[in-house]
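This report describes a predicted model. It covers the strands, the helix, the metal site and one contact region, in that order.

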Amino acid sequence: MTKLDGNVLAGMLVDVLGWDATASDARCAHCGQHGQIALAVVYMSSMGAVARCPHCDGVLATFVEAEDGRVWFGMPGISALEVAR
Ligand SMILES: [Zn+2]
């Protein structure tokens, strides 16, 4: 498993949201801290990615690539996400 920062999520965020949210502010549902997605701690594996809060290590978001090509995107730890306009 490879440990990276949130910038690695740029392409995946474009795929699921339609825009690059790495510069967007996100609030952690676990500890209430917030910051840019780019500052998240991301663990990459062959199955996908897990983004964790840099403050409390809680899971912010998950990206799982299934064998059939589908992508499963979860945001279990983001209580609010800034949307660029
Ligand atoms: Zn947190």
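## Hairpins

Two residues separate S4 and S5, which together form a hairpin. Strand S4 covers residues 41–45 and pairs with S5 in the antiparallel sense over 5 bridges. One of the bridge partners can be named: Val41 is matched with Arg52 in S5.

S5 also pairs with S6, again in the antiparallel sense and over 5 bridges. Here Ala49 has Phe63 in S6 as its bridge partner. The hairpin of S5 and S6 has 6 residues between the strands, and Asp57 takes a positive phi near 70° in it.

## The sheet and its helix

The strands of these hairpins belong to an open sheet of 5 strands, ordered S1-S4-S5-S6-S7 with antiparallel pairing. Which strands stand at the edges? They are S1 (2–5) and S7 (71–74); each has a single partner strand, so one side of each is left without a neighbour in the sheet. From one strand to the next, the twist averages 15°.

S1 is joined to S4 by 4 bridges, and the two strands run antiparallel. Within this pair, Lys3 has Tyr43 in S4 as its bridge partner. Helix H1, residues 10–17, packs on the sheet and touches S4, S5, S6 and S7. The direction of H1 makes about 95° with that of S7.

## Zinc site

Which protein atoms are donors of the zinc ion? They are the SG atoms of Cys28, Cys31, Cys53 and Cys56, at 2.3 to 2.4 Å from the zinc ion. Along the chain these donors follow the spacing C-x2-C-x21-C-x2-C. Cys31 is in the loop between strand S2 (25–28) and strand S3 (34–36), while Cys56 is in the loop between strand S5 (48–52) and strand S6 (59–65); the pair therefore ties together parts that are 25 residues apart in sequence.

The angles among the 4 donor atoms are 106 to 112°, and the site is tetrahedral. For four tetrahedral donors the ideal angle at a metal is 109.5 degrees. Are the two loop cysteines buried or partly exposed? Cys31 has 33% relative accessibility and therefore counts as partly exposed. Cys56 also counts as partly exposed, because its relative accessibility is 33%.

## Ser24 and Glu82

Ser24 lies in the loop between H1 and S2. With a relative accessible area of 4%, Ser24 is buried, the cut-off being under 20%. Leaving out residues up to four places away in sequence, Ser24 touches Trp19, Gly35, Gln36, Ile37, Leu81 and Glu82.

Glu82 is placed in the segment after strand S8 (78–81). At 43% relative accessibility, Glu82 counts as partly exposed. Apart from neighbours within four places in sequence, Glu82 is in contact with Trp19, Ala23, Ser24 and Asp25. One of these contacts also has a C-alpha distance: Glu82 and Asp25 are 5.1 Å apart in space, C-alpha to C-alpha, and 57 residues apart in sequence. Trp19 is among the residues that Ser24 touches, and Trp19 is also among the contacts of Glu82.

Conventions: Residues numbered from 1 in each chain as written. Predicted model: local features only at pLDDT ≥ 70, side-chain atom pairs only at ≥ 80, totals over all residues. Heavy atoms only, no water. Donors = N, O, S within 2.8 Å, 3.2 Å for Na, K, Ca; no water. Tetrahedral: all angles 85-135°; square planar, octahedral: opposite > 155°, others 65-115°. Buried < 20%, exposed > 50% of the residue type's maximum accessible area, 1.4 Å probe, protein only. Contact = heavy atoms within 4.5 Å. Pairing = 2+ DSSP bridges. Axes fitted to C-alpha atoms, helices over the stretch in contact; angles between N-to-C directions.
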